[in-house]
Amino acid sequence: MIFQDRRETTVAFGCAAALILIWISLYNIRGPGLFYEPQPSLELEEGEDSVFLRHAMNVEFPAPIDYTPIHSVCTQSPNNFRPGLLFSCEEQHGGVGMVRNQILKCIRYAIHGGGSLVIPSMAKRNPKDISDIETSNEVSLEYLFDRSAFIEHLTASCPGMRLYNHASDFPAYENRARKNRPLQLAGDQFEPNHPRTGLSDPWSWRESFENWVREQDVEITPEEPVHVRIGQAYLEYPVHNDSLSFASEFGKILSFRADTRALAARVLLALDQRFELGIDPERPINEKSFFGAHLRLEKDAVEAWSPEEGWRFSRMEDQFKEVWGEIRGSGMEVVYVACGDQSIVDKFSKYIATTIKEEGKEMNISVVTKYTLLGGHDLARLNALTFDQQALVDFLIMFKAGFFMGVAHSSFPWTVALRRHELSVFRAMEGEEKEDGGFANLGSDLLRDELSVIMGMRRDYPYVDPFEWGLWP
């Protein structure tokens, strides 16, 4: 009996040891992100429409990710990925739209360079001053994005690329070249005077990178690996360079946090139930359901794009007037507003009521936000999130709006409008994209199709960043 107990103990110990070895091997290959406790997602309560909520939560993009175009780029050169080279991109900063795009761009450069990748991180903005975004408050990927989905999507679409949670997990990292710090590289370092549309020849980036590495007097080997940190550059990568299909799919490797998708699903359900909009949660966009307005008038926006410096739509009256004109012509009576400052939403609501009265119109416009649509436990969960995490909920709702409108100097509305543009009938009629990498456009605004508008013309802005060429939708 004693020996039987010992045998059972020995077998149990052996199984446990085997599991530990498997875990360690996976850890070294992919990092511990695979084993992170998932974010809270959708806790259904009795009486809730579970089918609606689950469908709404799962429709984040116009269509599920198709790995084929990404896989084609990652595998077109059989020996593209080599041991001994590691890329990282820490502390990416900005609003949600820019952080997302910076991370995608870093990954694209890592694919060009043919190296492994440390799972990206970002800089958390100063909670006491939302205009302070260039902080050293580093937070991990899951601060805004679904970590497990990212690992799954990038691994499936780019099988040659190895992912690591920490640089120190990389094989032989302790023997790396330049132990004091990683090599520092900006994405447009080899073509700093590139045209507005981005790097003129991204395919030459690999050759320029190889020459640059040699100039650093290091050699990429498995025994003495090289760590390259890709720094922040701005909209310099032409996202249509690979192909239209790649540009449409690449952004889908980054999905928003599960808990924010769950909250957005509840917001959508509340909208549908309160106003009887007939929303189909399995459709990305329900036309004529509700109007989505992104009001970019928070403190950080007005400071960055001052009205005194010619930014017309940083003037509250001008932005309100432009949005109201579009609402009035849309025929929709429910307006969902995305804004990080509730006092601005209150002013906008009063502006609409006053304008309707002055114009003598018979209209009943309801202005709502995520705060007015959620209650109880869900509202408490929303309020517990940070400024940028809460913005994810608005992103998700705006993707689904019957019509959407925003300003041209923010990456938020451009990301939303360009993703919605994927479903534009006008885009299909115009043969999809133009040869210069721009977009099919009805022409009366910087971007206008039957689903979205980026308000105003170029003359309404001192300058407009090249979002149409440098953002993955």
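**Group meeting talk: a sheet, its helices and two disulfides**

Okay, let's start with the sheet: five strands, open, in the order β5-β2-β1-β7-β6, with parallel pairing. At the edges sit β5 and β6 (183-186), and each of those pairs on one side only. Keep in mind that this is a predicted model.

Let's look further in. Strand β1, residues 85-88, pairs with β7, residues 226-231, in the parallel sense over four bridges. If you want a spot to click on, take F87: its bridge partner in β7 is V228. Now add helix α4, which packs on the sheet and touches β1, β2 and β7. The direction of α4 makes about 165° with that of β1.

Next, the disulfides. How many does a search of the whole structure find? Two. Counting bonded cysteines along the chain, the pattern is 1-4, 2-3.

One of them joins C74 and C158, with the sulfur atoms 2.0 Å apart. C74 sits in helix α3 and C158 in the loop between α5 and β5, so to speak distant parts of the chain, 84 residues apart. Both C74 and C158 are buried.

The other joins C89 and C106, sulfurs 2.4 Å apart. Here C89 is in the loop between β1 and α4, while C106 is in α4 itself, 17 residues along. The torsion about that S-S bond is about -100°, so this disulfide is left-handed. C89 is buried, with a relative accessible area of 1%, and C106 counts as buried at 2%.

Last stop: helix α5, residues 147-157. Its buried residues include F150, I151 and L154, and the buried residues of α5 pack against α3, α4, β2, β4 and β5.

Definitions and conventions: Residues numbered from 1 in each chain as written. Predicted model: local features only at pLDDT ≥ 70, side-chain atom pairs only at ≥ 80, totals over all residues. Heavy atoms only, no water. Buried < 20%, exposed > 50% of the residue type's maximum accessible area, 1.4 Å probe, protein only. Helix = DSSP H or I, 4+ residues; strand = E, 2+ residues; numbered from the N terminus. Contact = heavy atoms within 4.5 Å. Pairing = 2+ DSSP bridges. Axes fitted to C-alpha atoms, helices over the stretch in contact; angles between N-to-C directions. Disulfide = S-S within 2.5 Å.
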